[in-house]
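I opened a fresh page for this one and kept my notes in the order I looked things up. Feel free to follow along with the model beside you.

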Amino acid sequence: MARSSVRQIHAIISGALDTATRWDWIPSNPAAVAKKPKQQAPQPTPPSPSQTARIAARAWESDLNWGMPVWLVMVTDGRRGELLALRWFDVDLDAGVLEVRRNYVQRSGKGQEKDTKSHQMRRIALDPETVEVFTLHRRAYDDQVAQLDLPADDSAFVFSYVADHSRPCNPDAVTHRYSYRHSREMR
């Protein structure tokens with residue numbers, strides 16, 4: 001069996017035996033002394049700089065609303081859910097600063113804003129090019145809501161598939177779109 005499978009089975013059995021111990025069905029949990037296999041460190045394979053440049057270029061060519069989050073992930077190393085949770089009041093274009101305060105997750109079809117993974121707010125300094133493309137992205141948002149006869153709202157999500165930006169993009173849809181395009185780009 002794979003190490004991860006053994007670790008998962010151990011967790012299930014250990015949890016059941018902990019409950020049995022708590023209910024006084026058994027005197028102690030024998031799984032507590034069982035040796036679990038070590039968890040291997042992740043072995044990510046990020047794209048090379050030239051592949052990264054091609055991915056970003058293709059994202060911008062494909063759709064400006066797609067290019068911006070792809071670009072932001074690459075220049076800030078932000079987590080998917082944290083970037084999707086961004087609202088316009090988190091972006092200070094004059095100071096060139098992005099505040100990461102929340103994480104957006106979707107479980108069983110229901111979206112929810114939560115605390116960040118590290119449970120801490122971060123401020124990320126933006127380079128002039130990123131401020132420039134963020135400014136263009138903001139103008140596109142302002143134009144989009146103006147066409148709906150709505151005022152621009154700083155509490156609106158920065159990245160949204162909904163015209164008024166009242167909901168963020170679905171995290172799974174973003175991953176699927178990136179995975180599909182990224183796999184094509186890597187060829």
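**Notebook: loops, core and pockets**

**Entry 1: two histidines**

I began at H119, which sits in the loop between strand 4 (110-115) and strand 5 (122-125). This is a predicted model, so I read everything below as a description of a prediction. H119 caught my eye through its backbone: its phi is positive, about 60°, although the residue is not a glycine. Is H119 buried or exposed? I found a relative accessible area of 59%, and H119 counts as exposed because that value is over the 50% cut-off.

I then turned to H165, which is not a glycine and also has a positive phi of about 60°. H165 lies in the loop between helix 5 and helix 6. Its relative accessibility is 4%, so H165 counts as buried, the limit being under 20%. I noted the pair side by side: H119 is exposed, whereas H165 is buried.

**Entry 2: the overall layout**

Next I stepped back to the whole chain. I listed 6 helices and 5 strands in the protein. Along the sequence I read the order α-α-α-α-β-β-β-β-β-α-α.

How does the radius of gyration stand against that of a compact globule of 187 residues? The globule would come out near 16 Å, but the protein has 22 Å. The box I drew around the C-alpha atoms, along the principal axes, is roughly 70 × 40 × 30 Å. I also wrote down that 32% of the 187 residues are buried. For contacts between residues at least 6 apart in sequence, I noted that 49% join residues at least 24 apart.

**Entry 3: S14 and A152**

I picked one residue in helix 1 and one in a later loop. S14 belongs to helix 1 (residues 3-22). With a relative accessible area of 14%, S14 is buried, because the value falls under 20%. Leaving out residues up to four places away in sequence, S14 touches N29 and A31.

A152 I found in the loop between helix 5 and helix 6. A152 is partly exposed at a relative accessible area of 40%, so it falls between the 20% and 50% limits. Setting aside neighbours within four places in sequence, A152 contacts R138, Y141, D142 and V145.

How far apart are A152 and S14 in space? I got 53 Å from C-alpha to C-alpha, with their positions 138 residues apart in sequence.

**Entry 4: the nonpolar core**

I keep a general reminder here: in soluble globular proteins, nonpolar side chains tend to be buried together. In this model the largest nonpolar core holds 27 residues, and those touching the most other members are L72, L86, W88, L98, F134, V158 and F159. Two or more core residues come from each of helix 2 (49-62), helix 3 (64-76), helix 4 (80-84), strand 2 (97-100) and helix 5 (128-147). Helix 5 supplies the largest share, 5 residues.

I followed L72 a little further. Not counting residues up to four places away in sequence, L72 touches D77, L83, L86, L98, T130, F134 and F159.

**Entry 5: the pockets**

Last, I looked for open space. The largest pocket has a volume of about 480 Å³. It is lined by 17 residues, with V73, G78, R80, T175 and Y178 closest to its centre. Helix 3, helix 4 and helix 6 (171-186) each give two or more residues to this lining. Helix 3 contributes the most, with 5 residues. Sorting the lining of the largest pocket by class gave me 11 nonpolar, 4 polar and 2 charged residues.

The second largest pocket contains about 170 Å³ of space. Which residues lie nearest the centre of the second largest pocket? I have N65, F159, S160, Y161 and C169, out of 17 that line it. The elements giving two or more residues to this lining are helix 3, helix 5 and helix 6. Helix 3 gives the most to this second lining, with 3 residues. By class, the lining of the second largest pocket has 10 nonpolar, 5 polar and 2 charged residues.

One cross-reference before I closed the page: F159, listed near the centre of the second largest pocket, is also among the core residues that touch the most other members and is one of the contacts of L72.

Key. Residues numbered from 1 in each chain as written. Predicted model: local features only at pLDDT ≥ 70, side-chain atom pairs only at ≥ 80, totals over all residues. Heavy atoms only, no water. Helix = DSSP H or I, 4+ residues; strand = E, 2+ residues; numbered from the N terminus. Buried < 20%, exposed > 50% of the residue type's maximum accessible area, 1.4 Å probe, protein only. Contact = heavy atoms within 4.5 Å. Core = buried A, V, L, I, M, F, W, Y, C linked by side-chain atoms within 4.5 Å. 1 Å grid on protein atoms, 1.4 Å probe; cavity = no way out; pocket = protein on both sides within 12 Å on 5 of 7 lines; lining within 4 Å. Points joined across faces, edges and corners; volume = space filled by probe spheres on them. Nonpolar A, V, L, I, M, F, W, Y, C, P; charged D, E, K, R; others polar. Rg over C-alpha atoms; globule rule 2.2 N^0.38 Å.
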